[in-house]
Amino acid sequence: MTMHLESTYGANGCRRYYKSDAGPLIVEITTVNHDKSDRSCIMSLWVKHGLVPEFLETTLGVHTYYHKENGDCLGIYNPTLAYEEYYVNHGDVPIKRYRPEINPEWELEATSENEQKILDECERLMIEARMMEN
């Protein structure tokens with residue numbers, strides 16, 4: 001795939017921004033440290049509630065920014081999120097909405113190989129969606 005590093009921020013480059021050559025997609029990846037001794041740590045809660053199979057000390061936090069031609073910026077094409085469908089009532093008309101939740105298959109340990117897997121999947125999702133539009 002064709003994602004290249006645009007910039008890094010933070011101590012030891014803990015926040016990295018990648019840009020796709022295949023389309024208007026920017027992916028921000030952050031190394032997230034989890035403390036097993038902290039009972040309110042999000043990773044501890046995910047393990048406790050069965051959302052992830054095991055505690056990982058470091059994971060990759062992912063935010064995506066897809067820029068549409070009209071100027072809208074959307075957080076789509078992010079494999080670490082799954083979207084649950086639900087409905088809200090607007091008067092007598094139910095309106096379909098989507099609520100993001102973690103995708104445990106993509107909660108990966110913070111390694112360069114896993115980072116590349118996530119980047120490849122973000123770009124694949126974007127390319128696949130753009131091909132379906134045309």
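Which residue stands opposite tyrosine 66 in strand 5? I will come to that residue in a moment, but let me say at the outset that what we are looking at is a predicted model.

Let me begin with the overall layout. The protein has seven strands and two helices, and if you read along the sequence you meet them in the pattern β-β-β-α-β-β-β-β-α. The C-alpha trace spans about 45 × 40 × 20 Å along its principal axes, and of the 134 residues, 31% count as buried.

Now to the sheet that my opening question concerns. Five strands form an open sheet in the order 1-2-3-4-5, and their pairing is antiparallel. Strand 1, residues 3–9, and strand 5, residues 73–74, stand at the edges with a single partner strand each, so one side of each is left without a neighbour in the sheet. As for that partner of strand 5, strand 4, which covers residues 58–67, runs antiparallel to strand 5 and is joined to it by two bridges. Here is the residue I asked about: it is leucine 74 in strand 5 that tyrosine 66 stands opposite.

Let me move on to the other pair of strands. Strand 6, residues 81–90, and strand 7, residues 93–102, pair in the antiparallel sense over ten bridges, and within this pairing glutamate 84 has arginine 99 of strand 7 as its bridge partner. The two strands make a hairpin with two residues between them, and in that hairpin glycine 91 takes a positive phi near 70 degrees.

Histidine 90, which also lies in strand 6, deserves a word of its own. Is histidine 90 buried or exposed? With a relative accessible area of 58%, histidine 90 counts as exposed, because the cut-off for that class is over 50%. Its C-alpha atom is separated by 32 Å from that of leucine 51, with the two residues 39 apart along the chain.

Finally, let me turn to charge on the surface. Asp35, Asp38, Glu54, Glu57 and Glu109 gather there in a patch of negative charge. To take one of these, glutamate 109 lies in the loop between strand 7 and helix 2, the helix of residues 112–133. Why does glutamate 109 count as partly exposed? Its relative accessibility is 44%, and glutamate 109 therefore falls between the limits of under 20% for buried and over 50% for exposed.

How values were computed. Residues are numbered from 1 along each chain as its sequence is written. This is a predicted model: local features need pLDDT of at least 70, side-chain atom pairs count only at pLDDT 80 or more; totals for chains, interfaces and linings use all residues. Side-chain values use heavy atoms; hydrogens and water are left out. Two strands pair if DSSP finds at least two bridges between them. Helices (H or I, at least four residues) and strands (E, at least two) are DSSP runs, numbered from the N terminus. Patches are made of residues with over 30% relative accessible area and no salt bridge: like charges are joined within 9 Å, nonpolar side chains (Val, Leu, Ile, Met, Phe, Trp, Tyr) within 5 Å. Accessible areas come from the Shrake-Rupley method with a 1.4 Å probe; for residues, only the protein chains shown count as cover. A salt bridge is a side-chain nitrogen of Lys or Arg within 4 Å of a carboxyl oxygen of Asp or Glu. Lys and Arg count as positive and Asp and Glu as negative; His and the chain ends are not counted. The place of a charge is taken as NZ of Lys, CZ of Arg, CG of Asp or CD of Glu. Buried means under 20% relative accessible area, exposed over 50%, partly exposed in between (1.4 Å probe, protein chains only).
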